[in-house]
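Got the viewer open? Here's a walk through the model, one selection at a time.

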Amino acid sequence: SLLAMASSDSISKRKASDWEFDAFDDGSKRIVVKVQKRNYGKFLQEYALQLRDFEDALDDTSGKLWNWEVDPIDLAYIPHENISLLDLIKSENKILDKVLTVFAALCIEIDDLKNEAETKFYMPLLLYAEQSVERTLQEGEAQLQLGRILPLLQELSNFVSRVSLVVKNVIHQLAALYLPHQERYGPIQVVMDSSGIHLQSVFEHLGEALTILLTLDMIMGQARLLREHWTQYKRMLKSVLGSAEKFGTTDEKLRSFEKFLMKLEGELLEGRIFLNCISQPFDDQVVVSGSQALNDEFTTNIRSFFAYLEPRLAENNELDHRQRFVGLCCLVVLHFQIFRVLDKKFLRGLWDVHKKLPAVHLVGNIVWFPTQFLSNHLPDILKVLEKKQMKADHSTAKQWLLLQGQALPRETQGFY
């Protein structure tokens with residue numbers, strides 16, 4: 001019996017050691033997993049919304065792009081003005097109505113020219129070199145690329161001529177308005193007393209028109225690849241002369257085309273777009289350079305414009321004041337070009353603006369330096385400032401731009 005009890009005890013111990021107990025499940029693990037999944041899903045939704053906000057902020061459009069395959073009909077809700085200037089400008093003085101209508105029409109045209117330059121010319125010219133960055137061009141491909149952009153350059157030439165013509169028209173209208181009362185110059189007779197009338201908006205628009213030409217000048221000045229392709233294209237054209245029949249044309253047409261290219265080169269590629277405009281003859285129809293009244297009005301509006309802009313430049317609440325400052329400097333250069341007078345005290349104040357505004361971004365990678373612009377277009381500035389000071393100010397502006405580039409990553413981090 002003792003032997004049987006011992007054997008039964010050993011069997012029971014062996015079975016007890018082989019038993020496996022079920023783990024106790026209170027559902028806590030499942031709850032934790034569910035909570036984590038919900039938190040992760042919420043995170044993904046918030047992150048997707050952030051990415052959507054970034055996409056909307058960086059996109060050129062204000063909403064979703066129109067998919068014409070899905071939505072064949074799309075409604076445009078952009079309001080358009082359906083009233084003419086003649087309906088807006090009405091007073092008891094018919095002569096005043098005509099004067100305001102003329103200047104309003106010129107200001108509207110300058111706005112249209114500015115919009116055309118921004119939407120049609122700036123980006124294609126700036127991005128011309130981008131198409132050749134990632135690969136090496138094959139033989140003849142550079143000439144093909146330039147040939148494709150030639151129609152745009154021809155349109156640009158016509159556009160520049162139009163802007164210059166509008167600038168001249170504005171100057172003539174101002175000269176006719178500010179003639180001395182009851183005097184007559186050729187076909188222009190004064191019919192309105194303009195004393196005490198200051199058309200500040202007209203002068204600001206005149207500065208915007210000059211800024212368009214200045215911007216195009218700087219874009220073309222930095223188009224190194226375009227000029228290289230231009231040289232190769234001209235060489236190709238010279239090699240074709242003499243064997244025009246092989247290419248289905250005549251030598252006469254090729255020579256005419258060569259003259260056309262030389263005209264485009266002189267107008268667009270030699271850095272004289274802005275200078276050609278301000279150097280054009282303004283005294284051909286009405287006295288401009290000899291009008292003391294117009295000279296005084298120019299000076300008054302330039303001073304008033306500068307007094308408005310200068311305190312607001314480089315401030316936290318600044319809007320477009322630095323772009324308008326570019327137009328002001330263009331007006332100063334135009335005034336000097338026409339009347340050959342320079343206020344040293346005012347010029348020194350204008351020059352000192354570079355201490356808080358060393359450079360102005362115009363478009364793309366184009367940066368405008370006020371000190372460099374004034375020293376290039378106002379030779380009499382040497383009578384006001386010393387050469388050492390001018391060189392030091394130029395280097396200060398370049399150093400400021402370098403520091404701005406180095407600080408860009410850190411400033412970008414602050415937006416997150």
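What follows is a tour of a predicted model, stop by stop.

**Stop 1: the nonpolar patch**

Start by selecting Tyr40, Phe43, Leu44, Tyr47, Leu51 and Phe54, and turn on the surface. Together these side chains make a nonpolar surface patch with about 630 Å² of accessible area. Phe54 sits in helix α2, which covers residues 28-58, and it's partly exposed at 43% relative accessible area.

Now keep just Phe43 and Tyr47 from that patch. Their ring centres are 6.1 Å apart and the planes make an angle of 15°, so this pair counts as stacked. The two residues are 4 apart in helix α2, which puts about one helical turn between them. Both belong to the surface patch: Phe43 is partly exposed at 47% relative accessible area, and Tyr47 is partly exposed at 42%.

**Stop 2: rings on the inside**

For another aromatic pair, jump to Trp368 and Phe373. This one is tilted, with 5.6 Å from centre to centre and 55° between the planes. Are these two residues buried or exposed? Trp368 is buried, with a relative accessible area of 2%, and Phe373 is buried too, at 4%.

Add Phe274 and Phe325 to the selection, and you have a cluster of four residues linked by ring pairs: Phe274, Phe325, Trp368 and Phe373. If you feel like hunting for the others, the count of aromatic pairs comes to 11.

**Stop 3: where α3 meets α4**

Next, select Leu85 and Thr101. Leu85 lies in helix α3 (residues 85-88), while Thr101 belongs to helix α4 (residues 94-126). Measure between their C-alpha atoms in your viewer: they are 16 residues apart in sequence and 6.5 Å apart in space.

Show the surroundings of Leu85. Leaving out residues up to four places away in sequence, Leu85 touches Thr101, Ala104, Ala105 and Ile108. Coming from the other side, with that same limit on sequence neighbours, Thr101 touches Leu85, Leu86 and Ile89. Leu85 is partly exposed at 24% relative accessible area, whereas Thr101 counts as buried at 18%. Before leaving, look at where the Thr101 side chain points: it reaches the backbone oxygen of Asp97 at 2.6 Å.

**Stop 4: a buried histidine**

Go to His335, in helix α11 (residues 321-339). Which side chain does the side chain of His335 meet in a polar contact? Bring up Asn295: the two side chains come to 2.7 Å. His335 is buried, with a relative accessible area of 9%. To see what surrounds it, show Asn295, Phe298, Thr299, Ile302, Arg340 and Val341; these are the contacts of His335 once neighbours within four places in sequence are set aside.

**Stop 5: salt bridges**

How many salt bridges does a search of the whole structure find? There are 13, and a few make good stops.

- Select Lys238 and Glu258. Their side chains meet in a salt bridge at 3.0 Å, N to O. Lys238 is in helix α7 (residues 224-240) and Glu258 is in helix α8 (residues 251-269), so the bridge ties together parts that are 20 residues apart in sequence. The two ends sit in contrasting settings: Lys238 counts as exposed at 54% relative accessibility, and Glu258 counts as buried at 19%.
- Move on to Arg303 and Asp343. The closest N and O atoms of this salt bridge are 1.9 Å apart. Arg303 lies in helix α10 (residues 292-309) and Asp343 in the loop between α11 and α12, so here the parts tied together are 40 residues apart in sequence. Arg303 is partly exposed at 39% relative accessible area, and Asp343 is partly exposed at 33%.
- Then pick Glu318 and Arg322, whose side chains form a salt bridge at 2.8 Å, N to O. Glu318 is buried at 13% relative accessible area, while Arg322 counts as partly exposed at 25%.
- Finish with Glu204, Asp320 and Arg324 selected together. Salt bridges link these three into a network.

How values were computed. Residues are numbered from 1 along each chain as its sequence is written. This is a predicted model: local features need pLDDT of at least 70, side-chain atom pairs count only at pLDDT 80 or more; totals for chains, interfaces and linings use all residues. Side-chain values use heavy atoms; hydrogens and water are left out. Patches are made of residues with over 30% relative accessible area and no salt bridge: like charges are joined within 9 Å, nonpolar side chains (Val, Leu, Ile, Met, Phe, Trp, Tyr) within 5 Å. Accessible areas come from the Shrake-Rupley method with a 1.4 Å probe; for residues, only the protein chains shown count as cover. A salt bridge is a side-chain nitrogen of Lys or Arg within 4 Å of a carboxyl oxygen of Asp or Glu. Buried means under 20% relative accessible area, exposed over 50%, partly exposed in between (1.4 Å probe, protein chains only). A polar contact is a pair of N or O atoms within 3.5 Å; within protein, one must be able to donate a hydrogen and the other to accept it, and residues adjacent in sequence count only if both atoms are side-chain atoms. Contact means heavy atoms within 4.5 Å. Rings of Phe, Tyr and Trp (its six-membered ring) pair if their centres lie within 6.5 Å; planes under 30 degrees apart count as stacked, over 60 as edge-to-face and the rest as tilted.
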